[in-house]
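Okay everyone, let's have a look at today's structure together. I'll put it up and then talk you through a few things.

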Amino acid sequence: MLKKILQNVGEYKKESIITPILVASEVAIDMVIPLVMALMIDRGIETGDTQAILRYGVVLFILAIIALVLGGLSGRFAAIASAGFAKNLRDKLFIRIQSFSFSNIDQFSTSSLITRLTTDVTNVQNAYQVSIRLLVRSPLNFVFSLIMAFSINKELSLIYLAVVPFLVIGLGVVIYFAHPIFVKVFRIYDRLNNVVQENLQGIRVVKSYVREKHEESKFKKVSEDIYKSFSRAQSIVAFNGPILQSAIYACMLLISWLGAKLVVSSSLTTGELVSMFTYTMQILMSLNMLSMVFVMMIIARTSAERISQVLDEESDLKNNDAPLYDVPDGSVVFSDVCFSYAGDENKLALKHANMSIESGEVIGIIGGTGSSKTSLVQLIPRLYDVTMGSVKVGGHDVRDYDLKTLRDQVGMVLQKNTLFRGTIKDNLRWGNEEATDEDLIRVCKVSQADDFIQEFPDKCDAMVAQGGNNLSGGQKQRLCIARALLKKPKILILDDSTSAVDTKTDRLIRAGMQKEIPGTTTFIIAQRVTSVEDADRIIVMDKGLINAIGTHEELLSENTIYQEVFDSQRKGFGEENV
Amino acid sequence: MSKENKNNKTLSTRRPLKTLQRLLAYVFKDYKLYLVIVLVLILLSTYANVRGSLFLQVVIDDHIAPMIGQSNPNFSNLLKAVMTMGLIYAVGIIAGLLYNLIMVKISEGTQKKIRDEMFTHLDSLPIAYFDSHSDGNIMSYFTNDTDTLRQMISQSIPNLIAAAVSFVSVFAAMFTISVPLTLIVILSVSLMIFTLRYISGKSGKFFSKQQQDLGNVNGYIEEMMHGQKVVKIFNHEPQVIEEFTSLNEALRESATQANKYANSLMPIMMNLLNVQYVLLAVIGGLFSVYGVSGLTIGMVAAFLQLSRSLNMPINQISQQINFVIMALAGANRIFCLLDEEPETNHGYVTLVNVTKEEGQLVESEKRTGTWAWKHPHEDGSVSYTELTGDVRFKNVSFGYDDNHRVLHDINLYAEPGQKVAFVGATGAGKTTITNLINRFYDIQEGKIRYDDINVKKIKKESLRRSLGVVLQDTHLFTGTIRENIRYGNLSASDEDVIYAARLANAEDFIHNLPEKYDTVITGDGEGLSQGQRQLLAIARAAIADPPVMILDEATSSIDTRTEKLVQAGMDRLMHGRTVFVIAHRLSTIQNSDVIMVMDHGRIIERGTHDDLLAEKGTYYQLYTGKIELS
């Protein structure tokens, strides 16, 4: 796992290698400095030799400046390396997520993916930055001090070795208990994100129903959970320091006691004892720093696991080995297609659907709420894969196409239309990056969006708020249709995309489309019979089944469901009396 | 976007010290007693530390030195000293552990408090705030920004206190040895503080930027995940990735800059200390050689040794100061949110349930099906006005921003029990009118009166509770179907839920769900069709059983057969109550008592279906399909 994540250091490898080298050099100077200081005191100050004082002073000054530069540079490179590493990780994650199918995304949930991309990456970034600096500095300090201690007195230094097992066990226990709690904590973070996100998206509902208190109590439950879990995890981690301190203090006391005996029995000098003490202090300092890294590591490990879960997730929607890069025509054939969102054959949303649509046909789809109209058409651009059976476009199974090729040729206007923050122009150009301003105006005229756009002071450059919140439902729908028209696809699916548009406009849009994209196979899902009656054929959906396929006249004379819908809309409905 | 940029500006112009003060106030307010205890514990732990570093001197001077050369040395005194030291160490360790544990509580507690407070405050903000700020960026306040506080409160505060204590004690010791040398130290420490301030100022600026960039990245991810289907249908992954990469690059840049300065702090400080040492040695050495101010060689050596004791606290300070700066960057954003002006809500008239007893309105705790407005008067008395659902607009003009009016001089009256419909092209201002009734936005000109009360005088909660609203865009919440319907009335029984579902004609599909009413819906009801979601939203409104209802394209995704059934149910429920309906299908509004035809923010025709047909105006032309709504 670690290896896989560290691969993303990528182009920042250079900085990641230079940093520890700089740190090592800095540590080397740091170790020389006290020795020079000692010399300055012994040879300069103690003897009153001003020449020596100045000489050593200059050496020390130069060393300090070099150490300063090295330290500054290592910090700089560490920052570059870790921020770069984090950027690569985020990019990689985001790219990965873009390749996910909806079932992949559902598995993680949107809010969890957001936490993974930000909070988790930040944790790894911090740990990495600390690692490449302190993981060199502290062990070097530690080893150096240990060597010095051993060179002074072997027997006395054995004390250090005695406390090592104690330390390892102690810290092991800390990890053992803290890690599972951190795993839990991040899951609660996902929930926190989810509650906030839903609250934001549904803020109008919250306020309309005066449910601020209710939302608050939901939120407080989650934040209470975070509080509890984090408190527990951090409390366990808080034992880190005391465990280390105990070990080091024990060493100090033992050295004082045994060292004193050795000094008295003349096998150790007082000066050596003082040095032993100094090195013990240095060992303490370096271990202390290590323990800080250690805490970050425990948290980062959890985050790294969550990141690699995303990186390891294989997208359900995979290209064939030899994908097709050309969609010959806009014909669509469904052969015994069954589909379930859960991939469960017992919970089929769509059952044994069969149909054969020729290229260029206009197909209306009508059916009750929840009759799987949307499920049917979503299989064409492979938003989901069939559970059983096959969907063919242009004579080939949709799974045989390169996904991008397929989707380039299948345009779809979703029922739940989404616009993005940016100008109207930006949004429209999703359909075709190269579209000229004339193209934009033309399709907007077709989708009957031009009129209201012209009323905006900034016209096509007017800003669209998040989710298109500053536009009315009908305005959004018309922009979404214009956006899809720009694609000039071989197949165009309109999923109830004129529900907020009046009949007349609806008709104008359909008429305009005939001229704009003739020869395009068009599927029109609608509630109104008027929206589909002049289609070449109409599919009647009922409870996940294709109930009938035929022309308006055929269905009107044969199909009871269609008759009912028609009658209910005709009776006393002026708008249909044209 | 432009609004967020403005926020950026207010961020950087805020005073860091002010933010620090405010943040500390949060920490100190609730945990005063704890903090006193922590202070004592820190002193104990620092004391143990200092004693420990002096211990060797004691061992050598008091125990080893006298024993050297003795043929039969007695170690019992030394043993006693070691034991005592052991005890002090033990106390120090325990004190350290305790204060760390307490700080964990304080730190997590403060974060919880800040999160809760932010959320409460967030939901009190006006709708305009939500329209102009990206969801993902707001979410970042609760995670990334609050997280920055953790290290600062739990680690930096105690460490900085400990460092300050050591600092002061070292200084005191220095003064006793040599005043001139101490002055040099003060001078160089001032230089260090100056450097510290310079560098932390730099990194602080970039940390603020980093948090902002992180929020932007969060916002972009959230928006794109939300529109994932559109991204896929348009094969827009490469462009989305490109856009993400550029936001991500901005984050990398600010993170690099911030950490660059932060990381260089420690080596700079430590080596300035080394330079200071050299300075002291040279000057002290020269002083002692030339006998200036009575400094001896021994004193210089001792002073130099002492100056090395500054290493530990300075080391600590330079390490912790980065966490403090990062926390300030996060806190800055948090306080920006907390300082946003909440919705104006100066109303005092409240909504209560009443019963009619001998012509008098008597307030009731229970749901009675009759409501009244309760007016408190200055003299302490209250009066009640029955809620009848009489809504009037008088010369109302409104624009979402100051220079672009969307409603002009609207006059309308909905009489009690009427079904009032709005017809008009998209963007004619129909939804805007409903936004004004429930005061999502406040009008700039004119008056809106509700049962002859100015809506501004009605408490917002009461006003909104009196209005059941089904909006154009359906939003559901993670939870069971039952919970989602109950959202309209939290005290509703299971029977009420079933009744409401039946009324909204949602029962059929609910029964086909695997767990029926206990089916959990996630991700805004992804598994349900758009029409099914609308049925749930209608059930949610129905269960609230409100005195006045607003239906804004509530049935647009529902097939016409079901729609008719839903409508019949709603008509039954709302019989005798005021209902506002917005719909594009003229069929849905035909039986309304009044139909308002809107065009470009003006009401151009009003009357019943028959009146309007007879008038042969716009409505007639719409109805007969002679003109289009556009």
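Let's go straight to the salt bridges between chain A and chain B: there are 5 of them. Keep in mind that this is a predicted model. One of those you can find for yourselves joins the side chains of K112(B) and E224(A), with 3.4 Å from N to O.

So which helix gives the largest share of chain A's side of this interface? That's helix α3 of chain A, residues 50–98, which supplies 25 residues of the side touching chain B. If you sort that side of chain A by class, you get 75 nonpolar, 54 polar and 38 charged residues.

Now the interface as a whole. On chain A, 167 residues are in contact with chain B, and on chain B 167 residues are in contact with chain A. The area buried between the two chains comes to about 15,600 Å², and carbon and sulfur atoms give 64% of that. As for polar contacts, the rule finds 38 residue pairs across the interface, with both partners at pLDDT 80 or more.

Okay, zooming out to salt bridges everywhere: a search of the whole structure finds 53 over all chains. Here's one inside chain A, between D30(A) and R137(A), where the closest N and O atoms are 3.3 Å apart. D30(A) lies in helix α2 (residues 13–45) and R137(A) in helix α5 (residues 110–152), both of chain A, so this pair ties together parts that are 107 residues apart in sequence.

Last stop, chain B. Have a look at helix α6, residues 135–177. Its 43 residues reach 61 Å from the first C-alpha to the last, close to the 63 Å expected at 1.5 Å a residue. And where is the kink in α6(B) centred? On Y141(B), and the kink is about 40°.

How values were computed:
Residues numbered from 1 in each chain as written. Chains lettered and ligands numbered in written order. Predicted model: local features only at pLDDT ≥ 70, side-chain atom pairs only at ≥ 80, totals over all residues. Heavy atoms only, no water. Contact = heavy atoms within 4.5 Å. Buried area = accessible area lost by both parts, 1.4 Å probe. Salt bridge = Lys/Arg side-chain N within 4 Å of Asp/Glu carboxyl O. Polar contact = N/O pair within 3.5 Å; in protein donor to acceptor, adjacent residues only side chain to side chain. Helix = DSSP H or I, 4+ residues; strand = E, 2+ residues; numbered from the N terminus. Nonpolar A, V, L, I, M, F, W, Y, C, P; charged D, E, K, R; others polar. Expected span 1.5 Å × (residues − 1). Bend = angle between axes of the 7 residues up to and from the residue.
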